[in-house]
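Q: Hi! I'm new to this one, could you walk me through it?

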Amino acid sequence: MSFTEALGMGEFRPQTNVDFGRVAEIRPAQGLFVAFEGCDGVGKTTQIARAASWVREQGWDVVETREPGGTDLGVALRQLLLDAGDVSPRAEALLFAADRAQHVHKLIIPAINDGKVVITDRYLASSIAYQGHGRELGAREIRDLSLWATGGLVPNLTVLLDLDPEVAAERQAADASLGGPDRMERAGIEFQKRVREDFLRMSEGQDTWLVVDASLPVAEIATQVRLRLAQLLPVIKSW
(Lines give C-alpha, C1' and ligand atoms only; values in the text may rest on other atoms or scores of the structure.)
Protein backbone atom coordinates (compact mmCIF):
# COMPACT_ATOMS: atom_id res chain seq x y z
CA MET A 1 0.00 0.00 0.00
CA SER A 2 1.38 3.39 -0.95
CA PHE A 3 1.69 6.24 1.49
CA THR A 4 -0.76 8.15 -0.67
CA GLU A 5 -3.33 5.42 -0.13
CA ALA A 6 -2.51 5.25 3.56
CA LEU A 7 -3.23 8.94 3.99
CA GLY A 8 -6.37 8.82 1.86
CA MET A 9 -5.53 12.23 0.46
CA GLY A 10 -5.52 11.67 -3.27
CA GLU A 11 -2.75 11.16 -5.75
CA PHE A 12 0.75 12.45 -5.07
CA ARG A 13 2.28 13.78 -8.28
CA PRO A 14 5.96 14.64 -7.95
CA GLN A 15 7.53 17.10 -10.35
CA THR A 16 8.97 15.36 -13.37
CA ASN A 17 12.36 17.03 -12.97
CA VAL A 18 12.96 15.65 -9.46
CA ASP A 19 15.84 13.16 -9.30
CA PHE A 20 14.57 9.99 -7.64
CA GLY A 21 17.69 8.00 -8.52
CA ARG A 22 18.59 7.37 -4.89
CA VAL A 23 15.21 5.81 -4.22
CA ALA A 24 15.69 3.43 -7.14
CA GLU A 25 18.68 2.01 -5.28
CA ILE A 26 16.52 0.80 -2.38
CA ARG A 27 16.10 -2.96 -2.31
CA PRO A 28 13.39 -3.50 0.34
CA ALA A 29 13.99 -7.25 0.39
CA GLN A 30 17.37 -6.61 2.01
CA GLY A 31 16.44 -4.47 5.00
CA LEU A 32 13.52 -3.11 6.93
CA PHE A 33 12.44 0.42 7.80
CA VAL A 34 10.36 1.00 10.95
CA ALA A 35 9.17 4.34 12.34
CA PHE A 36 7.82 4.95 15.82
CA GLU A 37 5.33 7.80 16.09
CA GLY A 38 3.21 9.45 18.75
CA CYS A 39 2.84 12.58 20.82
CA ASP A 40 5.56 13.66 23.21
CA GLY A 41 5.73 11.54 26.36
CA VAL A 42 4.17 8.32 25.02
CA GLY A 43 7.26 6.17 25.62
CA LYS A 44 8.83 5.93 22.17
CA THR A 45 12.40 5.91 23.50
CA THR A 46 11.71 2.94 25.78
CA GLN A 47 9.90 0.92 23.13
CA ILE A 48 12.47 1.61 20.42
CA ALA A 49 15.23 0.33 22.73
CA ARG A 50 13.26 -2.84 23.46
CA ALA A 51 12.38 -3.43 19.82
CA ALA A 52 15.96 -2.88 18.68
CA SER A 53 17.29 -5.28 21.32
CA TRP A 54 14.85 -8.00 20.26
CA VAL A 55 15.61 -7.56 16.56
CA ARG A 56 19.34 -7.88 17.28
CA GLU A 57 18.64 -11.11 19.13
CA GLN A 58 17.14 -12.43 15.90
CA GLY A 59 20.49 -11.90 14.18
CA TRP A 60 19.86 -8.59 12.44
CA ASP A 61 22.02 -5.48 12.37
CA VAL A 62 19.97 -2.57 13.69
CA VAL A 63 20.38 1.16 13.20
CA GLU A 64 18.59 3.26 15.81
CA THR A 65 18.08 6.86 14.80
CA ARG A 66 15.78 9.83 15.31
CA GLU A 67 14.34 12.94 13.73
CA PRO A 68 15.45 15.58 13.90
CA GLY A 69 19.10 14.79 14.59
CA GLY A 70 19.98 11.53 12.83
CA THR A 71 22.94 13.08 10.97
CA ASP A 72 25.57 15.74 11.65
CA LEU A 73 23.46 18.27 9.80
CA GLY A 74 20.41 16.99 11.67
CA VAL A 75 22.05 17.66 15.04
CA ALA A 76 22.43 21.34 14.12
CA LEU A 77 18.88 21.50 12.78
CA ARG A 78 17.54 19.79 15.92
CA GLN A 79 18.98 22.56 18.06
CA LEU A 80 17.36 25.18 15.85
CA LEU A 81 14.01 23.39 15.79
CA LEU A 82 13.68 22.43 19.45
CA ASP A 83 15.69 25.04 21.33
CA ALA A 84 15.37 28.22 19.27
CA GLY A 85 12.88 30.89 20.17
CA ASP A 86 10.49 32.25 17.58
CA VAL A 87 10.42 30.04 14.46
CA SER A 88 7.63 30.60 11.95
CA PRO A 89 5.48 27.53 11.15
CA ARG A 90 6.60 27.48 7.51
CA ALA A 91 10.26 27.79 8.44
CA GLU A 92 9.74 24.97 10.93
CA ALA A 93 8.23 22.73 8.26
CA LEU A 94 11.07 23.43 5.84
CA LEU A 95 13.74 22.74 8.47
CA PHE A 96 12.13 19.39 9.33
CA ALA A 97 12.02 18.53 5.63
CA ALA A 98 15.70 19.43 5.23
CA ASP A 99 16.61 17.23 8.19
CA ARG A 100 14.62 14.34 6.72
CA ALA A 101 16.15 14.69 3.26
CA GLN A 102 19.65 14.44 4.70
CA HIS A 103 18.61 11.63 7.04
CA VAL A 104 17.30 9.50 4.19
CA HIS A 105 20.26 10.25 1.92
CA LYS A 106 23.09 9.75 4.43
CA LEU A 107 21.76 7.10 6.80
CA ILE A 108 18.46 5.37 6.04
CA ILE A 109 18.90 4.32 2.41
CA PRO A 110 22.51 3.10 2.84
CA ALA A 111 21.50 1.07 5.90
CA ILE A 112 18.51 -0.52 4.16
CA ASN A 113 20.64 -1.38 1.14
CA ASP A 114 23.17 -2.92 3.50
CA GLY A 115 20.55 -5.33 4.84
CA LYS A 116 20.01 -3.58 8.17
CA VAL A 117 16.86 -2.85 10.13
CA VAL A 118 16.42 0.91 10.58
CA ILE A 119 14.29 2.03 13.51
CA THR A 120 13.63 5.75 13.71
CA ASP A 121 12.07 7.86 16.42
CA ARG A 122 9.73 9.94 14.20
CA TYR A 123 9.52 10.24 10.45
CA LEU A 124 7.21 11.69 7.81
CA ALA A 125 3.95 11.17 9.71
CA SER A 126 5.21 13.44 12.49
CA SER A 127 5.55 16.35 10.09
CA ILE A 128 2.04 15.79 8.75
CA ALA A 129 0.62 15.64 12.28
CA TYR A 130 2.70 18.42 13.88
CA GLN A 131 3.13 20.93 11.08
CA GLY A 132 0.25 19.96 8.82
CA HIS A 133 -2.43 19.63 11.48
CA GLY A 134 -0.90 21.01 14.67
CA ARG A 135 0.45 24.16 13.02
CA GLU A 136 -2.49 24.16 10.59
CA LEU A 137 -0.30 24.38 7.48
CA GLY A 138 -2.27 21.68 5.66
CA ALA A 139 -1.68 17.94 5.76
CA ARG A 140 -1.53 17.57 1.98
CA GLU A 141 1.04 20.34 1.59
CA ILE A 142 3.31 18.94 4.30
CA ARG A 143 2.92 15.40 2.95
CA ASP A 144 3.97 16.51 -0.54
CA LEU A 145 6.92 18.48 0.84
CA SER A 146 8.22 15.48 2.80
CA LEU A 147 7.66 13.02 -0.03
CA TRP A 148 9.63 15.32 -2.31
CA ALA A 149 12.40 15.66 0.28
CA THR A 150 12.72 11.89 0.73
CA GLY A 151 12.08 10.81 -2.85
CA GLY A 152 8.95 9.00 -1.71
CA LEU A 153 10.57 6.69 0.87
CA VAL A 154 8.07 5.49 3.49
CA PRO A 155 8.42 2.92 6.31
CA ASN A 156 7.59 -0.76 5.97
CA LEU A 157 5.93 -0.38 9.37
CA THR A 158 4.81 2.62 11.42
CA VAL A 159 4.22 1.96 15.13
CA LEU A 160 1.91 4.54 16.68
CA LEU A 161 2.01 4.71 20.47
CA ASP A 162 -1.29 6.35 21.31
CA LEU A 163 -1.98 8.14 24.59
CA ASP A 164 -4.11 10.98 25.87
CA PRO A 165 -1.85 14.06 25.65
CA GLU A 166 -2.80 15.13 29.17
CA VAL A 167 -1.60 11.78 30.54
CA ALA A 168 1.55 12.06 28.44
CA ALA A 169 2.22 15.53 29.84
CA GLU A 170 1.82 14.22 33.40
CA ARG A 171 4.34 11.48 32.64
CA GLN A 172 6.85 14.01 31.38
CA ALA A 173 6.37 16.30 34.37
CA ALA A 174 6.97 13.39 36.74
CA ASP A 175 10.17 12.25 35.00
CA ALA A 176 13.05 13.97 36.76
CA SER A 177 15.52 12.73 34.13
CA LEU A 178 14.00 15.00 31.51
CA GLY A 179 15.09 18.58 31.09
CA GLY A 180 12.67 21.42 30.59
CA PRO A 181 10.13 21.19 27.77
CA ASP A 182 11.39 21.92 24.27
CA ARG A 183 9.75 24.33 21.84
CA MET A 184 7.37 21.69 20.44
CA GLU A 185 6.34 20.52 23.91
CA ARG A 186 5.62 24.10 24.94
CA ALA A 187 2.98 24.38 22.21
CA GLY A 188 0.32 23.28 24.70
CA ILE A 189 -2.25 20.54 25.26
CA GLU A 190 -4.66 21.67 22.54
CA PHE A 191 -1.82 21.53 20.02
CA GLN A 192 -0.91 18.02 21.21
CA LYS A 193 -4.55 16.97 20.94
CA ARG A 194 -4.67 18.07 17.29
CA VAL A 195 -1.48 16.11 16.67
CA ARG A 196 -2.93 12.98 18.25
CA GLU A 197 -6.12 13.28 16.17
CA ASP A 198 -4.10 13.41 12.98
CA PHE A 199 -1.93 10.42 13.90
CA LEU A 200 -5.09 8.39 14.49
CA ARG A 201 -6.61 9.59 11.24
CA MET A 202 -3.56 8.52 9.26
CA SER A 203 -3.54 5.08 10.90
CA GLU A 204 -7.18 4.21 10.27
CA GLY A 205 -7.52 0.93 8.36
CA GLN A 206 -3.87 0.87 7.26
CA ASP A 207 -2.07 -2.47 7.22
CA THR A 208 1.35 -0.80 7.39
CA TRP A 209 0.52 0.77 10.76
CA LEU A 210 0.37 -0.75 14.25
CA VAL A 211 -1.53 1.29 16.81
CA VAL A 212 -0.76 0.40 20.43
CA ASP A 213 -2.40 1.75 23.57
CA ALA A 214 0.54 3.46 25.28
CA SER A 215 -1.20 3.33 28.67
CA LEU A 216 -0.56 -0.44 28.79
CA PRO A 217 2.38 -1.83 30.77
CA VAL A 218 5.74 -1.41 29.06
CA ALA A 219 6.24 -5.16 28.64
CA GLU A 220 2.82 -5.63 27.05
CA ILE A 221 3.46 -2.85 24.53
CA ALA A 222 6.82 -4.39 23.67
CA THR A 223 5.18 -7.77 23.09
CA GLN A 224 2.68 -6.32 20.64
CA VAL A 225 5.50 -4.63 18.72
CA ARG A 226 7.58 -7.84 18.62
CA LEU A 227 4.66 -9.86 17.30
CA ARG A 228 4.22 -7.43 14.43
CA LEU A 229 7.93 -7.28 13.67
CA ALA A 230 8.06 -11.07 13.66
CA GLN A 231 5.56 -11.05 10.80
CA LEU A 232 7.88 -8.91 8.69
CA LEU A 233 11.42 -10.02 9.49
CA PRO A 234 11.31 -13.68 8.35
CA VAL A 235 9.83 -12.72 4.98
CA ILE A 236 12.42 -10.05 4.33
CA LYS A 237 15.32 -12.17 5.56
CA SER A 238 14.36 -15.14 3.38
CA TRP A 239 14.62 -13.16 0.13
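A: Happy to; here is a short tour, with your questions leading the way.

A: This is a predicted model, where local features need pLDDT of at least 70, side-chain atom pairs count only at pLDDT 80 or more, and totals for chains, interfaces and linings use all residues. Residues are numbered from 1 along each chain as its sequence is written, and side-chain values use heavy atoms, with hydrogens and water left out.

Q: Cool. In what order do the strands of the open sheet come?
A: The order is β2-β3-β1-β4-β5, with parallel pairing. Strands are DSSP runs of E, at least two residues, and helices are runs of H or I, at least four, numbered from the N terminus; two strands pair if DSSP finds at least two bridges between them.

Q: And which strands stand at the edges?
A: β2 (62-66) and β5 (209-213) do; each has a single partner strand, so one side of each is left without a neighbour in the sheet.

Q: How many bridges join β1 to β3?
A: Five, between residues 32-37 and residues 117-121. F36 has D121 as its bridge partner in β3.

Q: What else is F36 in contact with?
A: Beyond its neighbours within four places in sequence, the contacts (heavy atoms within 4.5 Å) include K44, I119 and V225.

Q: New topic: is S127 buried or exposed?
A: S127 is buried, at 3% relative accessible area; buried means under 20%, exposed over 50%, partly exposed in between, with a 1.4 Å probe and protein chains only.

Q: Where is S127 found?
A: In helix α6 (residues 124-134). Away from its neighbours within four places in sequence, S127 is in contact with F96, R100, G132, I142 and S146.
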